[in-house]
Amino acid sequence: GNSAWENGGGALLGGPHLRLENSVLTGNHAGNNGGGLWVDASAAIAGCTIAENSATDLGGGLYLNCSEEYPSEPKLDACLVAFNSAGLNGGGIRVRETPTVTLSCCDVFGNSPNNFSYMPDPTGQDGNISVDPAFCGRAGGGDFTIATNSPCAPANNECGVLIGAGAVGCEGTAV
């Protein structure tokens with residue numbers, strides 16, 4: 001529930017070789033870019049849930065400030081990026097320029113106006129999916145655990161890992 005006048009509403013990571021693990025970034029807003037998280041580094045982001053954040057301009061969930069000026073190769077592993085929004089583009093993940101960004105076993109879903117901007121959509125490769133994560137408490141409820149039938153539960157995805165920071169916390173319902 002943090003807010004920034006310009007960039008990095010939830011957090012701003014700068015400097016080389018940073019690691020963010022098992023964290024939930026939610027309900028944050030940036031006046032410009034990076035509502036949930038702004039990254040100026042070769043960060044490793046693992047097991048995180050970045051959901052329901054917003055940015056007035058770009059990168060509602062995650063803004064990767066990668067360019068020739070800021071050379072970096074961020075890596076996301078087993079992360080859940082869902083239901084974020086941006087005014088212009090990159091509701092889920094926005095990259096400043098086309099760098100090397102690696103996603104593996106991630107679920108990027110339901111971001112507005114799009115899931116990815118300035119990077120190829122990795123859905124269907126390296127265990128990446130774009131499926132409703134089936135949160136136990138949706139629509140600002142603050143509960144980011146997942147249902148037993150969630151595609152982010154270890155038994156329900158090809159990677160066999162928990163995707164995101166929220167463990168199984170409720171029974172699934174038939175779809």
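Reader: Hi! How much area does the chain expose?
Author: About 7600 Å² in this predicted model. Carbon and sulfur atoms supply 50% of that exposed area.

Reader: And what share of the residues is buried?
Author: Of the 175 residues in the chain, 47% are buried.

Reader: Cool. What about charges, how many positive and negative side chains are there?
Author: The chain has 17 negative side chains and 5 positive ones. The centres of the two sets lie 4 Å apart.

Reader: Switching topic: how many helices and strands does the chain have?
Author: The count is 19 strands and 0 helices. As for the overall fold, the radius of gyration is 15 Å, close to the 16 Å that the globule rule gives for 175 residues, so the chain is as compact as a globular protein of that length.

Reader: What does the C-alpha trace span along its principal axes?
Author: It spans about 45 × 30 × 25 Å.

Reader: Back to strands! In what order do the 4 strands of the open sheet come?
Author: The order is β1-β5-β9-β13, with parallel pairing. At the edges are β1 (3-4) and β13 (85-86), each of which pairs on one side only.

Reader: How many bridges are there between β1 and β5?
Author: There are 2 bridges, in the parallel sense, and β5 covers residues 29-30. One residue to look for is S3, whose bridge partner in β5 is H29.

Reader: Last one: what share of the contacts with a separation of 6 or more comes from residues 24 or more positions apart?
Author: Those residues account for 68% of such contacts in the chain.

Key: Residues numbered from 1 in each chain as written. Predicted model: local features only at pLDDT ≥ 70, side-chain atom pairs only at ≥ 80, totals over all residues. Heavy atoms only, no water. Pairing = 2+ DSSP bridges. Rg over C-alpha atoms; globule rule 2.2 N^0.38 Å. Buried < 20%, exposed > 50% of the residue type's maximum accessible area, 1.4 Å probe, protein only. Contact = heavy atoms within 4.5 Å. Areas by Shrake-Rupley, 256 points an atom, 1.4 Å probe, with all protein chains shown as cover. Lys, Arg positive; Asp, Glu negative; His and termini not counted. Charge placed at Lys NZ, Arg CZ, Asp CG, Glu CD.
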